[in-house]
There are 2 protein chains.
Amino acid sequence: MTRRAYSRLSQDRRRTDLLEATLSCVADLGLDRAGARQIAERAGVSAGLIRHYFPSKDEMVRAAYAYLMGQMTAAAEDSGAGDEQSPEAALAEVIAANFASPSLSGVKVSLWATFVGRVRVDPAYADIHREGYREFLDLLEARIHPVLVAQGGPADPSRCKQLAIALNGLIDGLWIEGSLGHGLYDARRLPAIALGAAEGILRLPDTTLTRHLALEDERS
Amino acid sequence: MTRRAYSRLSQDRRRTDLLEATLSCVADLGLDRAGARQIAERAGVSAGLIRHYFPSKDEMVRAAYAYLMGQMTAAAEDSGAGDEQSPEAALAEVIAANFASPSLSGVKVSLWATFVGRVRVDPAYADIHREGYREFLDLLEARIHPVLVAQGGPADPSRCKQLAIALNGLIDGLWIEGSLGHGLYDARRLPAIALGAAEGILRLPDTTLTRHLALEDERS
DNA sequence: ATATTTGTTTTACAGTCGTACAACAGCGAA
DNA sequence: TTCGCTGTTGTACGACTGTAAAACAAATAT
């Protein structure tokens, strides 16, 4: 019986390989069929190694959720961070980024939904979810405030937070349905729909946000 | 070995008992731990009986998803169906119904998310999801149109559909985060937040929808 | 070159999974 | 009451699960 050849990788590399293999399996097969052997195979590794990096398979899946959310919130925080833009352009970019690749992705939404299904069951999932949600809420609030000030509307913190909650809901909902690709409408309409609705929610004049759409298209 | 006593139930009753036990298990344990034996026990039945009502356990889970979505869309279609109301009140009721019991429910959101996670994997789930989404979209569109007409805004079908998509996104997103109960804000604020945002999306004057809030509270 | 460390593979095991199927029993018909 | 039908139970089985632990080998230090 000849043993399989292997090479030793850095701890971080092996760990993220395992986490990404976990996400890939969960997205393609579902949580129930994402077995330890399947995941190990996708990571190019044998099943026993999992327990060398994680106390249990469940713990690895939890870590994979945290890893995914970390990626997603980092991507969100990067969008609209160009300092030279107007507040309106920055907000429009944050919103529109959710409806373009790589955010608008069937894989991402599948993973997100699968894990959200565990939030009620497992407190660790609830913590990860709450943290990600809170961060995005804060980001939106920070982007909304200067826009309201520039446009001369009421901009007290309580109103900003309320608008952030509503805007986050809008983005989440449109992102989910858009990413699932049900074919009921063209997903390319989503940025315009989202920005138009956001103008309404924030009581901004029409085209305040949507006029930044053309730029987005040219850049990609 | 004495056999367990049992009584024969009607086919429909037994079937829905199994479906509800399936949903209960999936909500409490997650898809992977919702085994045939667990489900059967909750239905007050032995595991072998499952295959007498469904060709396989997977098929039963699919049927449970269809059953859940059927309940939810039926509940949505019942809300705001009183003929004597103004169009504005009817729309407000449809929106607000999502943020009160029994719609606003951690169990429901957990199930919804868990199943949505399978949409990309299994075409049967995709069909069920698309159908439910389409129905709610149509319902919203039908409720939006008379409001726009009454308020004198543009009400062409294309605009109505676009607004329905945005409104559905808003409702979905707020419903999810609200039902998960992360404790970042009081979920009782959601009806007001949703109606206020809807007024903005539809470009209606303030309080067009929110003024129907007090009535809702008194009734319940 | 040799020894040491430890990341990795392999094997083994107890438990659980979905399911096939034979035996049983509740219930209506005769 | 007895029969026949079939909804329901109980059991057995092979496949698969996560995991423990021993055997091994790749990289590093000496």
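In the predicted model, the surface near DNA strand C is made up of eight nonpolar, seven polar and 10 charged residues. In total, 25 residues surround DNA strand C, and those that come nearest are A:Arg8, A:Tyr53, B:Arg8, B:Ala36 and B:Arg51. Of the strand C atoms that come within 4 Å of the protein, 57% belong to sugar and phosphate. Polar contacts to this strand involve both bases and backbone. A base nitrogen of DNA strand C lies 2.9 Å from a polar side-chain atom of A:Tyr6. Phosphate oxygens of DNA strand C are approached by B:Ala36, through a polar backbone atom at 2.7 Å, and by B:Lys57, through a polar side-chain atom at 2.8 Å. Two or more residues of the surface near DNA strand C are contributed by helix H3 (50-53) of chain A and by helix H2 (36-42) of chain B.

The surroundings of DNA strand D were examined in the corresponding way. Here 24 residues surround the strand, with A:Ala36, A:Arg51, B:Arg8, B:His52 and B:Tyr53 the closest. Sugar and phosphate make up 57% of the atoms of DNA strand D that come within 4 Å of the protein. By class, the surface near DNA strand D comprises eight nonpolar, six polar and 10 charged residues. Helix H2 (36-42) of chain A and helix H3 (50-53) of chain B each supply at least two residues of this surface. Base nitrogens of DNA strand D are reached by polar side-chain atoms of A:Arg37, at 2.9 Å, and by an N or O atom in the side chain of B:Tyr6, at 2.8 Å. In chain A, an N or O atom in the side chain of Tyr6 lies 3.5 Å from a sugar or linking oxygen of DNA strand D, while a polar side-chain atom of A:Tyr6 is 2.9 Å from a base nitrogen of DNA strand C.

Two annotations from an unreviewed UniProt entry bear on chain A. The entry lists "domain: HTH tetR-type" for residues 12-72 of chain A. This span is 74% helix and 0% strand, and its end C-alpha atoms lie 19 Å apart. The annotation "DNA-binding region" in UniProt covers residues 35-54 of chain A. That segment is 55% helix and 0% strand, with 15 Å between its end C-alpha atoms.

The contact between the two protein chains was also characterised. In chain A, 50 residues are in contact with 50 residues of chain B. The size of an interface is often given as the accessible area lost when the parts come together. Chains A and B bury about 4,400 Å² between them, and carbon and sulfur atoms account for 59% of this area. There are 10 salt bridges between chain A and chain B. In one salt bridge, the side chain of B:Arg118 meets that of A:Asp32, with an N to O distance of 3.2 Å. Polar contacts between the chains number 22 residue pairs, both members being at pLDDT 80 or more.

On the side of chain A that touches chain B, at least two residues each are supplied by helix H1 (11-29), helix H6 (106-116), helix H7 (123-151), helix H8 (157-180) and helix H9 (190-201) of chain A. The largest share, 13 residues, comes from H8(A). This side of chain A has 22 nonpolar, 13 polar and 15 charged residues.

Technical notes. Residues numbered from 1 in each chain as written. Chains lettered and ligands numbered in written order. Predicted model: local features only at pLDDT ≥ 70, side-chain atom pairs only at ≥ 80, totals over all residues. Heavy atoms only, no water. UniProt positions renumbered as here; feature names shortened; annotations may be inferred. Helix = DSSP H or I, 4+ residues; strand = E, 2+ residues; numbered from the N terminus. Near = heavy atom within 4 Å. Polar contact = N/O pair within 3.5 Å; in protein donor to acceptor, adjacent residues only side chain to side chain. Nonpolar A, V, L, I, M, F, W, Y, C, P; charged D, E, K, R; others polar. Contact = heavy atoms within 4.5 Å. Buried area = accessible area lost by both parts, 1.4 Å probe. Salt bridge = Lys/Arg side-chain N within 4 Å of Asp/Glu carboxyl O.
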